[in-house]
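Biologist: I should like a close look at one part of this model, with a connected account of how that part is put together.

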Amino acid sequence: MPRTRPERSVRAAEGVGAPSTGGLLVGVIAVTLVVLALGTLANSVVWLIGFMVFLPGTAAALCTVRQTLFVCAWTTLTVAVVAFLWVDAAAPLLDRGLVLALTGCLGAASVYACRRRVRKENEVLRLRSVAAAMQRQILRSLPLRTADVLVDGVYEPLQEDRLVGGDVYDVVESPWGTRVLIGDVQGKGLAAVGAAFAVIGAFRAAARRESTLTAVVDSLEASVNWHNLCAEQAGDEERFVTALVVGIDGHGEAQAVNCGHVPPQLVHAGSVTTLPLDSGVPLGLAALTDESVTVDAFPFPADATLLLSTDGLMETRAADGAFYPIDEDLARRAHLDPADLPRALYDDACAFAGTGGQQDDIAVLTVRRAPRHRAR
């Protein structure tokens, strides 16, 4: 996908949401005819025509600057023609003059308000462009493919206009197989982006450099510790990260290290199994325990699907406080294609939450072996 400069995107999006020129013209003429008809029936055209001053205000909230200028010019011209050429000359000149003056002043104020609104919208669009660029640098678009696996999934942050969140994932191909990471940074939104950068950057480097998963996890731990040290010096909050690192090669088994994360689930032959991995402490908290990093191995057949998720999915609550029954739902959805399963689970969780909606960042990945094992 070619890159697009944010400034160009902002200019192109300036008219997004504004009515079409034809629709605007029809609406303005219709309102004008209605006001004139009511004014004629009430025998008070001069005063009722003053209701047209609402047209520029409405245009300022919905239209572009050019469209607002057109509405203001139309309204002012209509009021001038009606007040000085159409109605009886015996009508008080002061009344006609006040209506025209009020129309002109409100028209000018509407154009000014429209310019400020468009400027603010452009600033928001620029911020969105920057946030989207940051997200592309942190998280690559799914699906991802290596010599060993195909990874599909959904990533739905809760905050910051659904662009950036605290959940992270990545897939790296190495000489020792493919390493898959899924993690959950303490906190949500932009406040968790710094720790997410640290974890993703460390994983991309260590997954290609280290021959064992324990060494990869040690590198992630060191990166989170360094980030927390810098955060402490800057007066920011320290954060820990739950993470699951999976190693998959051409053999029938896979390896995993669980750092306080949601355990993975294996979907095979229509059944679902939650893998009993040893759960260590989250990244950033290893100094609080003497436990060493444990690598677990488990069967991963060619026709099986490994489901990785963050706690935002399983901790989704309904209005009555009940938790989303992911095990039951996953068993019911086990027949789905691995590419469709993550979105189906996410939609089911949102439907289960009801009006409460999504309550946390959610990442759901499906990992399956590549149908053809190409040379690395």
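In which loop does Ala269 lie, and in what order do the five strands of the open sheet stand?

Modeller: This is a predicted model, in which local features need pLDDT of at least 70 and side-chain atom pairs count only at pLDDT 80 or more, while totals for chains, interfaces and linings use all residues. Residues are numbered from 1 along each chain as its sequence is written, and side-chain values use heavy atoms, leaving out hydrogens and water.

Ala269 is found in the loop that leads from strand E7 (265-268) to strand E8 (271-274); strands (E, at least two residues) and helices (H or I, at least four) are DSSP runs, numbered from the N terminus. Its phi is positive, about 55 degrees, although Ala269 is not a glycine. Ala269 counts as exposed because its relative accessibility is 73%; exposed means over 50%, buried under 20% and partly exposed in between, with a 1.4 Å probe and protein chains only.

The open sheet follows the order E3-E4-E5-E6-E9, with antiparallel pairing; two strands pair if DSSP finds at least two bridges between them. E3 and strand E9 (296-299) form the edges, and each has a single partner strand, so one side of each lacks a neighbour in the sheet. On average, neighbouring strands are turned by 20 degrees against each other, direction ignored. Axes here are lines fitted to C-alpha atoms, for helices over the stretch in contact, and angles run from 0 to 180 degrees between N-to-C directions.

Starting from the E3 edge, a hairpin of two residues connects E3 to E4. Strand E3 (residues 167-174) and strand E4 (residues 177-185) are held in antiparallel pairing by eight bridges, and Val172 has Arg179 of E4 as its bridge partner. Seven of the eight residues of E3 are buried, which leaves this strand mostly covered.

Further into the sheet, E4 runs antiparallel to strand E5 (residues 241-248), to which eight bridges join it. Val180 there stands opposite Val246 in E5.

Two helices pack on this sheet. Helix H7 (residues 193-209) touches E3, E4 and E5, and its direction makes about 15 degrees with that of E3; contact means heavy atoms within 4.5 Å. H8 also packs on the sheet, where it touches E4, E5 and E6, and its direction makes about 155 degrees with that of E5.
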